[in-house]
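Visitor: I am new to this structure. Please take me through one part of it closely, and show me how that part sits in the whole.

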Amino acid sequence: MKTNIDWDKFKIFYYVAKAGSFTAAAETLNVSQSAISRSIQLLEHSLKIKLFERVARGLVITKQGESLLKATEKAFEEFSRAEMLMLEEEEEPQGTLKIATTMAIATVWIMPHICDFLRSFPKIQLTIIGNDEELDLKTHQADVSIRPFMENRPELIQEPIFVCHLKLYASKKYLKEYGTPKTPKDLEHHKLIVFGYDAKNPYNDINWPLKLGMPRGYLREPYLCINTSAGMRQAAEDGHGIVALAAEFPGLEKSGFIEVLPEEEKPIIPIYYVYPEHLKESKRVKALGRYLKERLKFDIA
């Protein structure tokens, strides 16, 4: 007697295996921990194998579990490929396209341009997911991702799309009250507005002003932490302190900011258009990539 395969259970298994705990998987999938645990128990019972060893610090996947994980990853890829092939039969790009990116890129760089894309490709239904945590392209949480380069991911195609050049800025009001720093060491006497460490950090060196000019391993104390670039910009415009922002930040030239320590070397953040290998021929994926590269004509050298 044949039994129907419950793919939701395999999806839950995949996330538990990747996270190494029921709690982390439950947070990612936005379901209760008890539902996650029950799903794994039912899957183990139906397959008549043990997928995880329960230990004090979480879960350890068994050899049988590792084999199932590899098979599950392949299945998700095949589902995505099959969906793509069905939709790509039409000449005009169509279907859903989920874009995973950071909150800053979603709000600051993508949204100002997306209306023209939707007019050009009316049969594509976009879902833009602003999340500073990396979403899983294998399980179709997203089709493409726009974010910094991801190391050790040979299964992904990562095309450079633009580069953010970080600089320090402050308002005229702030510099008039507190003076202009002449050297990195002077920052110790200034108020620094940074992303902070309590939220998921989407970029390397995002809090670099705290260590600029400091001995290795030492950080300054921030004056204000805000986990959105728009919020950081607003606080700096209101005269609350010095902020690090991308020079390419839309509308920055109208803010009245003065660049601080312009002669100092600053970090750059290359941003990539990322998608899995099996979607490389997707008309939807190609169309969005071409469009964004054309619109975001920043230096990608």
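Guide: What follows is a close look at helix packing, with a few single residues added along the way.

This is a predicted model. The protein has eight helices and eleven strands. Of its 301 residues, 46% are buried. Take contacts between residues at least 6 apart in sequence: 71% of these join residues at least 24 apart.

Start with helix 3, which spans residues 33-47. Helix 2, residues 22-29, packs against helix 3. The angle between helix 2 and helix 3 is about 110°, and their axes are 8 Å apart. Angles of 65 to 115 degrees count as roughly perpendicular, so helix 2 is roughly perpendicular to helix 3. The crossing of helix 2 and helix 3 is right-handed.

Which residues meet there? On the helix 2 side they are Phe22, Thr23, Ala25, Ala26 and Leu29. On the helix 3 side they are Gln33, Ile36, Ser37 and Ile40. By class, the contact of helix 2 with helix 3 has six nonpolar residues, three polar and no charged.

Now look at the loop between helix 2 and helix 3. Asparagine 30 lies in that loop. Asparagine 30 counts as exposed, because its relative accessibility is 70% and exposed means over 50%. Its phi is near 60°. That is a positive value in a residue other than glycine.

Helix 3 also packs with helix 1, residues 7-19. Here too the angle is about 110°. The axes of helix 1 and helix 3 are 9 Å apart. That angle makes helix 1 roughly perpendicular to helix 3. Helix 1 passes helix 3 in a left-handed crossing. Helix 1 brings Lys9, Phe10, Ile12, Phe13 and Val16 to the contact. Helix 3 brings Ile36, Ser39, Ile40, Leu42 and Leu43. The residues of the contact of helix 1 with helix 3 divide into eight nonpolar, one polar and one charged.

Compare the two lists from helix 3. Ile36 and Ile40 meet helix 2. Ile36 and Ile40 also take part in the contact with helix 1.

Move on along the chain to helix 4, residues 63-87. Glutamate 66 is found in this helix. Glutamate 66 is partly exposed, because its relative accessibility of 39% falls between the cut-offs of 20% and 50%. Phenylalanine 52 is 14 residues from glutamate 66 along the chain. Their C-alpha atoms are separated by 9.4 Å.

One more helix pair is worth a look. Helix 5 covers residues 103-120, and helix 8 covers residues 283-295. They pack at an angle of about 130°, with their axes 11 Å apart. Helix 5 and helix 8 are therefore oblique to each other. Their crossing is right-handed. From helix 5, the contact uses His113, Asp116 and Phe117. From helix 8, the contact uses Ala287, Leu288, Tyr291 and Arg295. By class, the contact of helix 5 with helix 8 holds four nonpolar residues, one polar and two charged.

Next, a stop in the loops. Proline 184 sits in the loop between helix 6 (172-178) and strand 7 (192-194). Proline 184 counts as buried, because its relative accessibility is 14% and buried means under 20%. What does proline 184 touch, leaving out residues up to four places away in sequence? The residues are Leu212, Gly213, Arg220, Leu261 and Glu264. Methionine 214 is 30 residues from proline 184 in sequence. In space, proline 184 and methionine 214 are 8.1 Å apart, C-alpha to C-alpha.

Follow one of those contacts, Leu261. Leucine 261 lies in the loop between strand 10 (258-260) and strand 11 (268-276). Leucine 261 is buried, with a relative accessible area of 2%. Its phi is near 50°, a positive value in a residue other than glycine. Asparagine 30 also has a positive phi, but asparagine 30 is exposed.

Last, the cysteines. Cysteine 164 is buried, at 6% relative accessible area. Cysteine 225 is partly exposed, at 45% relative accessibility. How many disulfides are there? The count comes to zero, by the rule that a disulfide needs a pair of cysteine sulfur atoms within 2.5 Å.

Notes
Residues are numbered from 1 along each chain as its sequence is written. This is a predicted model: local features need pLDDT of at least 70, side-chain atom pairs count only at pLDDT 80 or more; totals for chains, interfaces and linings use all residues. Side-chain values use heavy atoms; hydrogens and water are left out. Axes are lines fitted to C-alpha atoms, for helices over the stretch in contact, and angles run from 0 to 180 degrees between N-to-C directions. Helices (H or I, at least four residues) and strands (E, at least two) are DSSP runs, numbered from the N terminus. Angles under 35 degrees count as roughly parallel, over 145 as roughly antiparallel, 65 to 115 as roughly perpendicular and the rest as oblique. A crossing is left-handed if the near helix is turned anticlockwise from the far one by less than a right angle, and right-handed if clockwise. Contact means heavy atoms within 4.5 Å. Ala, Val, Leu, Ile, Met, Phe, Trp, Tyr, Cys and Pro count as nonpolar, Asp, Glu, Lys and Arg as charged, and the others, Gly among them, as polar. Buried means under 20% relative accessible area, exposed over 50%, partly exposed in between (1.4 Å probe, protein chains only).
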